[in-house]
Amino acid sequence: FGSSFVLFWLSCAVTPRWLGTFFRAQSGAMKHITLKVSGMTCGACSSTVEAALANTEGVQQASVSCVTHLAVVEGDVDPSDLVEVVDAVGFDAVVDQVRDIGEEAGDDVVVELKVSGMTCAACSGTVERHLQSLDGVREATVSLVLSKAFVVLAADALRTPEDVMEEIELVGFDAEVVLVQRGSAAAGRAVLNVRVEADQLVAATAGALSMPGVLAVTPAVDARLSITYDPRRQGARRLLAVLAKAHGAVHALAPPDEGPHEAHAKDLRRDLVRAAFPALLVLAVAFMAPAAGVQRAVWGTFGRPFVGNLDLLTLGLFGLATPVQLVFGWRFHVAAAKALRRKSPNMDVLVSTATGIAYTYSAAILCICLLSPPSVHSAQMAVATVHFFAMCPVLITVVLMGKFLEARAKVQAVSSVAELTVRA
């Protein structure tokens, strides 16, 4: 009787949970749930969240990335329960997306595009909002740091990747299709470079390809593998762990050089160095010298009329300001024209307008003084307009310095993101 009572008690305790799992499996209500998790700062944080989610009843698979701050869970579970689980381990989470796995659009087209010309958050925001407004686009995200756009096209959409590229070009940016992938509704791509043992190269390639979220594996020389994966479905840390367990020593390699970002930073540095000398000279002559009490007569020959009512000092400042305005500042004028064409004014419009008006006004005054008969009034007008000439090279140089610092920070950010991806 005692043994029968124990068996009855165990059946009562175990059967409800077992039956619940059985009926959930039979119901086919498996979900693909994406959570946005905030507060994660390292691989240990994402490991804690991933372990908590994986141990939740009803969860079949869980993957967390501290790079994208996303948790992807597959199973028959209430999304609100997952939020509570994440909160319980000390992090904040909100539900980003929920869909039934059975209804997952296997023919959805994921398009990755390289976007050139974005210089600030306003640019990436403009592209992202435009893409999200298009018919047939399920999801669109644009990364300013990576200079890429990730777009998910619905299976029944009439748009092609080339149409998306043209839409980006319509708002004033250059675009190039990098990757087109079917059967995944999670837009995103990351690359992990690893080195394996030479005799394990083929086996590691096959093993990596069999893992969920891996898009492509490219073997290279020196027993290296370049693994392209979706960070919303798979993490680099998990990839390394699985490969190391199955194929021995696996070492993550440093990310490749971010050529386009560094090239942009070098271009800005070149223009900044070239514009700095005339800008500093104009600043010293037009602003600092008068502020220090230096009179016009101190300049001697340079302060006397040379052509018409214009002296050499004014003509020299005009010669220094012109190349800065029309050569080194040309990037701002082009970017401003594109911004106005897409009806999204930004800092480039402000810089181009301010310097353009000042330069045009000063040039017009100089022409008037040059064509007018010699007089004290004309000479005073020419001297007064020097301040407007001085503003152009100084302002452009200061903004170039800001752009250069921003570009250098972007290079460092891309490198940091790539390194974090290896640890994610």
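**Two four-strand sheets and an aromatic pair**

Of the 424 residues in the chain, 42% are buried, where buried means under 20% relative accessible area, exposed means over 50% and partly exposed lies in between (1.4 Å probe, protein chains only). The model is a predicted one, so local features need pLDDT of at least 70 and side-chain atom pairs count only at pLDDT 80 or more, while totals for chains, interfaces and linings use all residues. Residues are numbered from 1 along each chain as its sequence is written, and side-chain values use heavy atoms, with hydrogens and water left out.

The chain's secondary structure adds up to 13 helices and 14 strands; these are DSSP runs numbered from the N terminus, with helices being H or I over at least four residues and strands E over at least two. Take the contacts (heavy atoms within 4.5 Å) between residues at least 6 apart in sequence: 71% of them join residues at least 24 apart.

Now for the sheets. One is an open sheet of four strands, in the order β2-β3-β1-β4 and paired antiparallel; two strands pair if DSSP finds at least two bridges between them. At the edges stand β2 (59–65) and β4 (92–100), each with a single partner strand, so one side of each has no neighbour in the sheet. On average, neighbouring strands here are turned by 20 degrees against each other, direction ignored. The antiparallel strands β2 and β3 (residues 70–75) are joined by six bridges, and Val 59 sits opposite Gly 75 in β3. Helix α2 (residues 43–54) packs on this sheet, touching β2 and β3, and its direction makes about 170 degrees with that of β2. Such angles run from 0 to 180 degrees between N-to-C directions, with axes being lines fitted to C-alpha atoms, for helices over the stretch in contact. Helix α3 (residues 79–88) lies across β1 (31–38), β2, β3 and β4, and runs at about 155 degrees to β4.

Another open sheet of four strands goes β6-β7-β5-β8, again with antiparallel pairing. What stands at its edges? The answer is β6 (137–143) and β8 (174–182), each with a single partner strand, so one side of each is left without a neighbour in the sheet. From one strand to the next, the twist averages 15 degrees. Eight bridges tie strand β5 (residues 109–116) to β8 in an antiparallel run, with Val 115 opposite Ala 175 in β8. Helix α4 (residues 121–132) lies across β6 and β7 (148–153), at about 175 degrees to β6, while helix α5 (residues 161–170) lies across β5, β7 and β8, at about 155 degrees to β8.

Next come the helices further along. The axes of α9 (residues 312–328) and α10 (residues 330–341) come within 5 Å and cross at roughly 40 degrees. That makes α9 oblique to α10: under 35 degrees counts as roughly parallel, over 145 as roughly antiparallel, 65 to 115 as roughly perpendicular and the rest as oblique. In α9, Gln 325, Leu 326, Val 327 and Phe 328 meet Trp 330, Arg 331 and His 333 in α10.

Finally, a search of the whole structure turns up one aromatic pair. The rings of Phe 318 and Tyr 359 have centres 6.2 Å apart and planes at 15 degrees, so the pair is stacked. Rings of Phe, Tyr and Trp (its six-membered ring) pair if their centres lie within 6.5 Å, and planes under 30 degrees apart count as stacked, over 60 as edge-to-face and the rest as tilted. Phe 318 is in helix α9 and Tyr 359 in helix α11 (residues 347–371), 41 residues apart. Phe 318 is partly exposed at 28% relative accessibility, whereas Tyr 359 is buried at 11% relative accessible area.
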